[in-house]
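Thanks for asking me to look this one over. My notes are below, as a few numbered points to read alongside the model.

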Amino acid sequence: MKYLKFLVIGIIFGIVMFKSEAASWFRIYEMFQFQSFHMYGIIGSALTLGVLGTWLIKKYKLKSFDGEPIKFTPKNKSFSRYMYGGIIFGLGWALAGSCPGPIYTLIGAGYVSILVVLLGSLIGTFLYGLLRDKLPH
């Protein structure tokens with residue numbers, strides 16, 4: 001019961017992803033072919049809301065639902081880590097036609113073949129964990 005709120009939020013997220021066609025392979029293909037603004041509009045809206053939400057949290061020193069202060073840990077900024085990571089993530093996204101959020105949405109919608117993509121993403125995450133110390137950060 002403690003995690004029920006996360007399950008409900010996840011289900012709502014999945015419904016929104018599916019109904020907005022953000023989990024659609026066709027929409028993702030259109031985006032990578034620069035044929036449609038649909039996905040760029042969704043991503044841009046999410047980015048705008050994220051920046052606005054972060055700004056509000058910092059400005060008003062908002063707390064979590066548990067009453068704990070929300071802390072933002074600064075990350076090391078380097079060109080290579082974001083460039084290489086972005087290229088690998090983008091290639092995987094383009095080849096699979098799905099990024100991590102829509103994978104679960106598509107599984108929930110009954111697309112069984114996406115389990116192969118989920119398995120590949122889990123293997124990739126495991127390999128990253130093994131090779132993390134050897135990669136540029």
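**Notes on a loop serine and two helix pairs**

1. Once neighbours within four places in sequence are set aside, serine 36 is in contact with Arg27 and Glu30. Please keep in mind that this is a predicted model. Serine 36 itself sits in the loop between α2 and α3. Its side chain also reaches the backbone nitrogen of histidine 38, at 3.2 Å.

2. On to the helices that this loop joins. Helix α2 covers residues 25-32 and helix α3 covers residues 38-60; their axes come within 8 Å and cross at roughly 90 degrees. Angles of 65 to 115 degrees count as roughly perpendicular, and α2 and α3 are therefore roughly perpendicular to each other. On the α2 side the contact is made by Arg27, Ile28 and Met31, and on the α3 side by His38, Met39, Tyr40 and Ile43. Sorted by class, that contact has five nonpolar residues, one polar and one charged.

3. Arg27 deserves a second look: this α2 residue takes part in the contact with α3, and Arg27 is also in contact with serine 36. Histidine 38 likewise belongs to the α3 side of the helix contact, while its backbone nitrogen is reached by the serine 36 side chain.

4. The other pair is α5 (residues 100-108) with α6 (residues 114-131), packed at an angle of about 145 degrees with axes 9 Å apart. Their crossing is left-handed. Here Ile103, Tyr104, Leu106 and Ile107 of α5 meet Ile114, Leu115, Val117, Leu118 and Ser121 of α6. By class this contact has eight nonpolar residues, one polar and no charged ones.

Methods
Residues are numbered from 1 along each chain as its sequence is written. This is a predicted model: local features need pLDDT of at least 70, side-chain atom pairs count only at pLDDT 80 or more; totals for chains, interfaces and linings use all residues. Side-chain values use heavy atoms; hydrogens and water are left out. Axes are lines fitted to C-alpha atoms, for helices over the stretch in contact, and angles run from 0 to 180 degrees between N-to-C directions. Helices (H or I, at least four residues) and strands (E, at least two) are DSSP runs, numbered from the N terminus. Angles under 35 degrees count as roughly parallel, over 145 as roughly antiparallel, 65 to 115 as roughly perpendicular and the rest as oblique. Contact means heavy atoms within 4.5 Å. Ala, Val, Leu, Ile, Met, Phe, Trp, Tyr, Cys and Pro count as nonpolar, Asp, Glu, Lys and Arg as charged, and the others, Gly among them, as polar. A crossing is left-handed if the near helix is turned anticlockwise from the far one by less than a right angle, and right-handed if clockwise. A polar contact is a pair of N or O atoms within 3.5 Å; within protein, one must be able to donate a hydrogen and the other to accept it, and residues adjacent in sequence count only if both atoms are side-chain atoms.
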